[in-house]
Amino acid sequence: MRFVIVTGISGAGKISALKIFEDSGFYCADNLPIELINSFADLVFAENSEKNKVAIGVDIRSGARLDKMDDVLKELKEKDQEYEILFLDCNNDTLVKRFKETRRSHPMGDQDSVYNEIEEEREKLAFLKDQADYIIDTSNLLIRDLRKEIENIFVKDKAYSNLFVTILSFGFKYGVPADCDLVFDVRFLPNPYYEPKLKKKTGEDKDVQDFVLNSPVSEIFIDKLFDMVDFLIPNYIDEGKNQLVIGIGCTGGHHRSVTVANELYKKLSKEEGNFGLRKAHRDIDR
């Protein structure tokens, strides 16, 4: 029996997560009244229950009753009804942007700004985050990335450390991404821009990759970059970090940064790490 409580900050992707669970064969129920959760659990944990994979959504929409969730969790433990908590988080700037794009108001809606509503919500949900078995920060995730992480944890039963690593290529001419934790400048590598046959191509093309990588400097740099990142990741996991964004920058974000980002992603993908991993090329189409 797998009983998952899906919770988190409004706008972080809880509804999308429940849809992913449903696609993975879970029976899903969203926004049950807090008082009914234990009765619902009794039904699905019963010997004659046909449900062996269940996910329920719990969030700030429960209002004042959310305070009773601690008692619900204690009762589940007393009955030996094992549960897991998945907490979806996201940074404030991204949340505000999402609310604006969808033209939806924050479910609390009682403050003078969305920022204040988000901060109040964080305080009210802090006790669930503290007890969470898994925390996924969706600030830089697409739906397909979230699906991959949920399937890794709850379908493929892979180990998970709550750290999600994003390798992000970019062009310095368009500015350094604000959410990068580490930034590496690769403008010292051979530049395909000045080769007429390569100028219009990108680091996704093999001939551009060969041009950038067929240099002793490039090979040494990528090996040293991988060694450092490979060293840092377990230390970030021990520190409790949830999100690591590694920025790789060149002038325009088309050739060198894309090539290096792809190479680093390839090397990290071969590791038996218990962290999520994705790559993105911010400026490749500019």
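A pocket is an open set of grid points with protein on both sides within 12 Å along at least five of seven lines, and its lining residues have an atom within 4 Å of a point. With that in hand, let us look at the pockets of this predicted model.

**The second largest pocket**

Fifteen is the number to remember here: the second largest pocket has 15 lining residues, and those nearest its centre are Thr94, Lys97, Ser139, Asn140 and Asp179. Two elements, H4 and strand E9 (276-281), each contribute two or more residues to this lining. The top contributor is H4, with five residues.

**The largest pocket**

Now for the largest pocket, whose volume is about 580 Å³. It is lined by 23 residues, and Ser10, Gly11, Ala12, Gly13 and Arg104 are the closest to its centre. Three helices supply two or more lining residues each: H1 (14-23), H4 (92-102) and H6 (143-154). Here again H4 gives the most, this time with four residues.

**Side by side**

The table sets out the volume of each pocket and the classes of residue in its lining.

| Pocket | Volume | Nonpolar | Polar | Charged |
|---|---|---|---|---|
| Largest pocket | about 580 Å³ | nine residues | eight residues | six residues |
| Second largest pocket | about 480 Å³ | five residues | four residues | six residues |

Which element is worth finding in the structure when you look at these pockets? Helix H4 gives the most to the lining of the largest pocket, and H4 also gives the most to the lining of the second largest pocket.

Note on methods
Residues are numbered from 1 along each chain as its sequence is written. This is a predicted model: local features need pLDDT of at least 70, side-chain atom pairs count only at pLDDT 80 or more; totals for chains, interfaces and linings use all residues. Side-chain values use heavy atoms; hydrogens and water are left out. On a 1 Å grid over the protein atoms alone, a cavity is a set of points where a 1.4 Å probe fits but cannot get out, and a pocket is an open set with protein on both sides within 12 Å along at least five of seven lines; lining residues have an atom within 4 Å of a point. Grid points are joined across faces, edges and corners, and a volume is the space filled by probe spheres set on the points. Ala, Val, Leu, Ile, Met, Phe, Trp, Tyr, Cys and Pro count as nonpolar, Asp, Glu, Lys and Arg as charged, and the others, Gly among them, as polar.
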